[in-house]
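User: I'm new to this one and I'd like to know how the labels get earned. Can we go through it together?
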Amino acid sequence: MKNYELLSIIKPNFDAEEVDKIIAQLEEYVSNLGGKLLDNDKIGRKKLAYDIDNYRDGFYVVSKIELAPENVKALKRNLKLNDNFLRDMIVEDKQAVQA
């Protein structure tokens, strides 16, 4: 298992409760793949550098997850299939490896 950092941008037309439900879906995706969600940092609504699907801003969430490397591709696929996510980026968390 490796630690990863996931930056996801959620559509801006949701209120706080709906964003929490979407994050719960993310946690479900990760747990179904045998991993676990370690931490969530809701950065909040930010303006995008360019329009994505006619949205000018999005709700940014940074999640720290623990997941087997072979399941990262499946997680990315689940996020792409969920219409609530505008963009996502998964990187290996090097700080957690050193600690």
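User: What makes Lys 47, Leu 48 and Asp 51 count as contacts of Arg 56?

Analyst: This is a predicted model, and the cut-off for a contact is heavy atoms within 4.5 Å. Leaving aside residues up to four places away in sequence, Arg 56 touches Lys 47, Leu 48 and Asp 51, so each of them meets that cut-off. Arg 56 itself is found in strand E3.

User: Why is Arg 56 called exposed?

Analyst: Exposed means over 50% relative accessible area. Arg 56 has 57% relative accessibility, so it gets the label. As for distance, its C-alpha atom and that of Gly 35 are separated by 32 Å, with the two residues 21 apart along the chain.

User: How do you know that E2 and E3 are paired?

Analyst: Pairing takes at least two bridges. Here 11 bridges join E2 to E3 (residues 55-67), so the two strands pass, and they run antiparallel. For instance, Lys 42 stands opposite Val 61 in E3, and Gly 44 has Tyr 60 in E3 as its bridge partner. The two strands form a hairpin with two residues between them, and Asp 53 in that turn has a positive phi of about 55°.

User: And what makes E1 and E3 a pair?

Analyst: Same test: at least two bridges are needed, and E1 and E3 have nine, in the antiparallel sense. One of the matches is Asn 3 with Glu 66 in E3. In general, strands of a sheet pair through backbone hydrogen bonds.

User: Why are E2 and E4 called edge strands?

Analyst: The four strands form an open sheet in the order E2-E3-E1-E4, with antiparallel pairing. Strand E2 (36-52) and strand E4 (85-92) each pair on one side only, and that earns them the name. Neighbouring strands of this sheet are turned by 20° against each other on average, direction ignored. Helix H2 (residues 72-81) packs on the sheet, where it touches strand E1 (2-10), E3 and E4; its direction makes about 165° with that of E4.

User: What makes the largest nonpolar core a core?

Analyst: The members must be buried nonpolar residues, joined through side-chain atoms within 4.5 Å, and buried means under 20% relative accessible area. Twenty residues make up the largest such set, and Ile 10, Leu 26, Ile 65, Leu 67, Leu 75 and Leu 79 touch the most other members. E1, helix H1 (16-32), E3, H2 and E4 each supply at least two of its residues. H1 gives the largest share, six residues. There's also a second, separate core of five residues, including Ile 9, Leu 48, Ile 52 and Tyr 60. In soluble globular proteins, nonpolar side chains tend to be buried together.

User: Which residues does Leu 79 touch?

Analyst: Not counting residues up to four places away in sequence, Leu 79 touches Leu 6, Leu 26, Tyr 29, Phe 85 and Asp 88.

User: How do you know that the whole protein is as compact as a globular one?

Analyst: The elements run β-α-β-β-α-β-α from the N terminus, which comes to three helices and four strands. For 99 residues the globule rule gives 13 Å, and the radius of gyration is 13 Å, close to that value, so the protein is as compact as a globular protein of that length. Its C-alpha atoms fill a box of roughly 35 × 25 × 20 Å along the principal axes, and 39% of the residues count as buried.

Terms used: Residues numbered from 1 in each chain as written. Predicted model: local features only at pLDDT ≥ 70, side-chain atom pairs only at ≥ 80, totals over all residues. Heavy atoms only, no water. Axes fitted to C-alpha atoms, helices over the stretch in contact; angles between N-to-C directions. Buried < 20%, exposed > 50% of the residue type's maximum accessible area, 1.4 Å probe, protein only. Rg over C-alpha atoms; globule rule 2.2 N^0.38 Å.
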